[in-house]
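Colleague: I would like to go through a structure with you, one feature at a time. Please give the general idea where there is one, then the case at hand.

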Amino acid sequence: QSVSECLTAVCIAARMQWEYRRSSPSSTPPVQEEKQAPENEGLAVDTGLEPAGPTPSSSRFQVDLVAEAASAADKTPSTDSTLASGDKATPEGSEPAAGGEAKGRFRVVNFMDPSGASPPEVVPAEGFQNGDTVMSEGSLHSSTGGQHHYHYDTHTNTYYLRTFGHNTIDAVPNIDFYRQSAAPLGDKLIRPTLSELHDELDKEPFEDGFANGDELSPAEEAAAKEAAEPKGAVKFGWIKGVLVRCMLNIWGVMLFIRMSWIVGQAGIVLSCVIVLMATVVTTITGLSTSAIATNGFVRGGGAYYLISRSLGPEFGGSIGLIFAFANAVAVAMYVVGFAETVVELLGVSHPILPHDEINDIRIIGTITIILLLGISMAGMEWEAKAQIFLLVVLITAIFNYFIGSFIPLKSKESHGFFGYDSVIMMENMGPDFRGTESFFSVFAIFFPAATGILAGANISGDLSDPQLAIPRGTLLAILITGIVYLGVAISTGSCIVRDATGNGNDTLSTQFMANCTDAACKFGYDFSYCKGDDGHYNCRYGLQNDFQVMSIVSGFSPIITAGIFSATLSSALASLVSAPKVFQALCKDNIYPGLEMFAKGYGKNNEPLRGYILTFCIALAFILIAQLNIIAPIISNFFLASYALINFSVFHASLANSPGWRPSFKFYNMWVSLAGAVLCCVVMFVINWWAALMTNVIVMGLYIYVSYKKPDVNWGSSTQALTYHQALTHSLHLSSVEDHIKNFRPQCLVMTGYPNSRPALLHLVHAFTKNVGLMICGHVRTGSRRPNFKELSNDQTRYQRWLLKNETKAFYTPVFADDMRQGTQYLLQAAGLGRLRPNTLVIGYKSDWRDGDMMNVETYIHMIHDAFDFQYGSVVFRLKEGLDVSHISEQDDLLSSQEKTSGMKDVVVSIDMKDSDRDSSKPLSKATTLFCHTDKSPQRLNVADQRLLDASQLFKRKQGKGTVDVWWLFDDGGLTLLIPYLLTNKKKWKDCKIRVFIGGKINRIDHDRRAMATLLSKFRIDFSDINVLGDINTKPKKENVTAFEEMIEPYRLKEDDMEQDTAEAQKASEPWRITDNELELYRAKTNRQIRLNELLKEHSSTANLIVMSMPLARKGAVSSALYMSWLETLSKDLPPLLLVRGNHQSVLTFYS
């Protein structure tokens, strides 16, 4: 019958396709328009008409089968591709739908009713039902946003997604599956989930989220959307976007007005060394920048984006802020340099302005920055055109100098320029440091000229291909500018003398020619008057004295002046654009609260107009100061700090050995990058030691602030990768070393269920394991329905995040099992990693053990037995008010540490799930807890619940002055004593003193006390008192014995009153029952538990916490009901009580 149904469906599908092709004109083009599915919608539910026939639950959707014969008969690809694209088929005689929604959707056709019901007019073309669906070929192979691309290749030999020749929803590899949602380069498609491919047919697929690292943060999502929306945005290639900007920024005023002075001070050789040292630093940084930029798609933000995505938000946030500020102040520095040159020129030619140099600089600087702001706000296109013009002027000025250096004129000789000559070159080869200058001081003056290599990377968001443009443009700019700097150094040192008077009459007579040794003497000039008798030089010209000497050498000096203007204005313009772009990226990530307003962009290029205004205000403030001699070193140090962290990022990422670190740029080395980072730090202190210290203090201050704020971002930084690498390495190393008693620490498996359902248990165990030992919150989920492992995984992520947000250093580990005991066995065997494994089981006391099925008690007691079998210590915690708060309908006060939204309150709702999962530590209860939010005020609780709520927060508060009473009755290796010691070392428990209670004989009380005091002193454990109990074996009160007998009465087997076979059968079916023989055999032990409860009430009724040796029950000899009765009798009506029993291996030692 199923075969006939399949054949019927095939025939009907083929007939529908034939009717569609017949009714549609052959010239109908495929649909070109498509609407992108929402990013969270991988499968769209069809809202069309349902065909007659079986319901979706009884009839599965099947792939639209292809009739090969029909395909062969009709070779028109347009009709095939139109139908395959997923657009809705139109009724006979009508035109196809104009707009389809095939992108990222699934094409399905339902089975038709085999009874012969006529098919509907409209066949639903989109929809989903579980896993039997297939993505349209267009959606699988299209990587463009505007049109479908129908491929006929080796992967799909029909237009109906026949992958490798078969109908399947399994998709071939495609770039669109790996995009982040709302990515600017294309549409995000969602591949078929594992659930859709793997789950059973009658099981609904889970809603799968993003793979690790694919999910965007809200800030990245907003940035991606903003980047995707504008059309026609201006994007630059590597020449205009990177090369031009870097060259303009590196070629500053230093090239024209300081390079000649550096050669005069340091000589040709050391000048070349200075240039090469700076070039080495910038080249290494350029290589590191290239490596980071080619390790994935680069968005806007420049140095901030590169560092933050590599080292994380802490370093990225601190560097991003100071880097943006440094660029803003650099605008002022370049503008003031320009204004000083203008004022000097105006003063020399015809002083038309007032003779107040400071005010002149302020006026010209203000006018200049307003003009630059106008160019910047006009858009990146206008700014790029201005940069091209300035570059042409700058290159012309450089060529003008070199051409002039080959044209010596008689009128220039008195100013020290004689043309190229070996004598001049040899004289200038060595250094001639004057005054307080030294090699490092001269290097400090030159190095800012080499900065600016990040000018192209800073506008990474405006580059068409940052991965190609940043490496090629940056490294080529470093090469070209380095060659030019070296050429200028050698050229000026070979044709210009160090000192010249400027007086043409200072010529040598023939008789004095023999006594003259300077290079100028060869050309008949005597400049020996420049050096006075006191050792000071008083000439105005030459390499050492004239900053404008390159203008004298040049062929046409006004062009050099234009070059100085071009260098200053281009650098100012580049910094004016860089600062807002970097600051905008920083604000979008919301690293610093309160700066979100500067994240907004305007226009097709997402221009940060607000950032431009802010940069303008900062720059204008420093321009009005008009003296930047103190600020300039700080700016250089800010840039160097960025370079150092970029180099360190590459080293750090390589050291972490993360599989995600695979840059396409291969010409880098982790150790070279580390050397570059160290070099940058050294150069910072060489330039200005106090500025370097200030920079480091500011960076560390911002780092600490961001670390404290903990921004909710996850960028897959190398810090995370290295943390994992170190954790793995140390875990393996730890496993190779044998345990030692001195290093023992309680590593607890705490059966909390959901971590927020038993706060008192969580807080108490966390109090003595925090920063000491491992804590795992175990949760066994049981139920009759099939396990939902996807839900289990989501719970693990959610509650682990809850633990972190509540500053609880623990791991949440849930498991599915048939019952509590089996699940606990799973955790006892498999929880932990290597030596980081639990060694102590902590469970809450089962206070409701008499209210339900006694088989749950059997399970509970066997959990303790299993722990001992696995060589675990066991701890049972009892709080007389109870532990489980999950049944309380509202507990806003309890969950004060929960993350809240404004005006909302967290609520825990108890939902009955009789056929669903049960809470792990509550076998009788079939309720589970869910979180939701409500605007209502919390309802009034009854008295019992209010007490429970108050008690659940008991150990979260600081404990006042009191005692922790340790009833160390049996030696279990010392765990009973170690836990209270660790507890009282914590800040919240430091006011509590330890009192020790031990058993003894009446005639040896003093001896036993001294022996215990000696032992405790050897263990170096402080105590306030030792009490020896000589009356433990005294008979308990009769009423307490009677109460115990009444309590166990329902659980006794009473085998003496029934046949032996009947008694054995009942014992087999109810193994928890107490036999008469067992009760009589352990009568003394029973009386001891009753008597101990009396003593506890007498001595420890006011203690903050009681830690007591837990009584043991021999497995197979003591029934679960009797053992549970002992625990109940021992612990009832007492302050918080920990029953502790170690695994009888020593955990304390007094040996060193």
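Modeller: Start with charge on the surface, bearing in mind that this is a predicted model. K770, K809, K956 and K988 form a positive surface patch.

Colleague: Where is K809 found, and is K809 buried or partly exposed?

Modeller: K809 is in the loop that runs between α26 (789–805) and β9 (811–816). Its relative accessibility is 46%, so K809 counts as partly exposed.

Colleague: Which residues gather in a patch of negative charge?

Modeller: That surface patch consists of E340, E344, D356 and E357. E344 belongs to helix α11, residues 313–349. With a relative accessible area of 45%, E344 is partly exposed.

Colleague: Which residues make the nonpolar surface patch?

Modeller: F399, I403, F406, I407, L409 and Y420 make a nonpolar patch of about 620 Å² on the surface. One of these residues, I403, sits in helix α13, which spans residues 380–405. I403 counts as exposed because its relative accessibility is 51%, and the cut-off for exposed is over 50%.

Colleague: Now the backbone. How should I read the sign of phi?

Modeller: Most residues other than glycine have a negative phi. A positive value in such a residue is therefore a departure from what most of them show. In this model, N590 has a positive phi of about 55° and is not a glycine.

Colleague: Where does N590 lie?

Modeller: N590 lies in the loop between α19 (557–588) and α20 (609–625). The relative accessible area of N590 is 36%, so this residue is partly exposed.

Colleague: What is the phi of H1144, and where is H1144 found?

Modeller: H1144, also not a glycine, has a positive phi near 65°. H1144 is in the segment after β18 (1137–1141). At 44% relative accessibility, H1144 counts as partly exposed.

Colleague: Last, the cysteines. What is a disulfide, and how many disulfides does the structure hold?

Modeller: A disulfide is a covalent bond that links the sulfur atoms of two cysteines. In this structure the number of disulfides is zero.

Colleague: Are C272 and C495 buried or exposed?

Modeller: C272 counts as buried, with a relative accessibility of 15%. C495 is buried too, and its relative accessible area is 0%. The cut-off that applies to both is under 20% relative accessible area.

Key:
Residues numbered from 1 in each chain as written. Predicted model: local features only at pLDDT ≥ 70, side-chain atom pairs only at ≥ 80, totals over all residues. Heavy atoms only, no water. Patch = residues over 30% accessible without salt bridge, like charges linked within 9 Å, V, L, I, M, F, W, Y side chains within 5 Å. Areas by Shrake-Rupley, 256 points an atom, 1.4 Å probe, with all protein chains shown as cover. Salt bridge = Lys/Arg side-chain N within 4 Å of Asp/Glu carboxyl O. Helix = DSSP H or I, 4+ residues; strand = E, 2+ residues; numbered from the N terminus. Buried < 20%, exposed > 50% of the residue type's maximum accessible area, 1.4 Å probe, protein only. Lys, Arg positive; Asp, Glu negative; His and termini not counted. Charge placed at Lys NZ, Arg CZ, Asp CG, Glu CD. Disulfide = S-S within 2.5 Å.
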